[in-house]
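Visitor: Please take one part of this protein and go through it closely. I would like to start with the cavity and its lining, and then see the loops around strand E2.

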Amino acid sequence: MNINFETKNKPVLSTRFVVEQNSPILYVYLDDDEDWQCLGGEEVDESDARIISIGELLELDPTLTTVPDLEKGESASRTNKHGQWQKD
């Protein structure tokens, strides 16, 4: 499954650092329920969680459309905002 504009209204779990402070997304995970988690490199707890739509997330970082195709339970990461996405 890929992150794309066709699913722009689907909710995504992210963090306040990504959503409110424009921290780069470095880790993407597709959980067993086919829900996306898009996280930065910060240490986080539940109070840092934010839910936004894929469309809003793609406005923050259009490179998410280049994340490799992931199956349930798989993840991808990169070392920095300009790095290439790699399956973990």
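Guide: What follows goes from the chain as a whole to the cavity, and then to two loops.

The model is a predicted one. Its chain has 2 helices and 6 strands, in the order β-α-β-β-β-α-β-β from the N terminus. The radius of gyration is 12 Å, which agrees with the value near 12 Å for a compact globule of 88 residues. Along the principal axes, the C-alpha atoms fill a box of roughly 30 × 25 × 25 Å. Of the 88 residues, 35% are buried. Among contacts with a separation of 6 or more, 64% join residues 24 or more positions apart. The chain exposes about 5,200 Å², and carbon and sulfur atoms supply 46% of that area.

Now the cavity. Searching the whole structure gives 1 cavity of 30 Å³ or more, and the volume of the largest cavity is about 50 Å³. Its lining consists of Val-18, Asn-22, Ser-23, Pro-24, Ile-25, Leu-60, Asp-61 and Lys-81. Sorted by class, that lining has 4 nonpolar, 2 polar and 2 charged residues.

One of the lining residues, Asn-22, deserves a separate look. Asn-22 sits in the loop between helix H1 (16–21) and E2. Its phi is positive, about 55°, although Asn-22 is not a glycine. Asn-22 counts as partly exposed because its relative accessibility is 47%, and the exposed class begins over 50%.

The second loop lies between strand E2 (27–30) and strand E3 (36–39), and Asp-31 is found there. Is Asp-31 buried or exposed? With a relative accessible area of 14%, Asp-31 is under the 20% limit and is therefore buried. Leaving aside neighbours within four places in sequence, Asp-31 is in contact with Gln-37, Lys-72 and Gly-73. Asp-31 and Ile-3 are 28 residues apart in sequence, and their C-alpha atoms are 13 Å apart in space.

Glu-34 also has its place in the loop between E2 and E3. Its phi is near 65°, a positive value in a residue other than glycine. Glu-34 has a relative accessible area of 31%, so it is partly exposed.

To put the loops together: Asn-22, in the loop between H1 and E2, lines the largest cavity, while the loop between E2 and E3 holds Asp-31, which is buried, and Glu-34, which is partly exposed.

Notes:
Residues numbered from 1 in each chain as written. Predicted model: local features only at pLDDT ≥ 70, side-chain atom pairs only at ≥ 80, totals over all residues. Heavy atoms only, no water. 1 Å grid on protein atoms, 1.4 Å probe; cavity = no way out; pocket = protein on both sides within 12 Å on 5 of 7 lines; lining within 4 Å. Points joined across faces, edges and corners; volume = space filled by probe spheres on them. Nonpolar A, V, L, I, M, F, W, Y, C, P; charged D, E, K, R; others polar. Helix = DSSP H or I, 4+ residues; strand = E, 2+ residues; numbered from the N terminus. Rg over C-alpha atoms; globule rule 2.2 N^0.38 Å. Buried < 20%, exposed > 50% of the residue type's maximum accessible area, 1.4 Å probe, protein only. Contact = heavy atoms within 4.5 Å. Areas by Shrake-Rupley, 256 points an atom, 1.4 Å probe, with all protein chains shown as cover.
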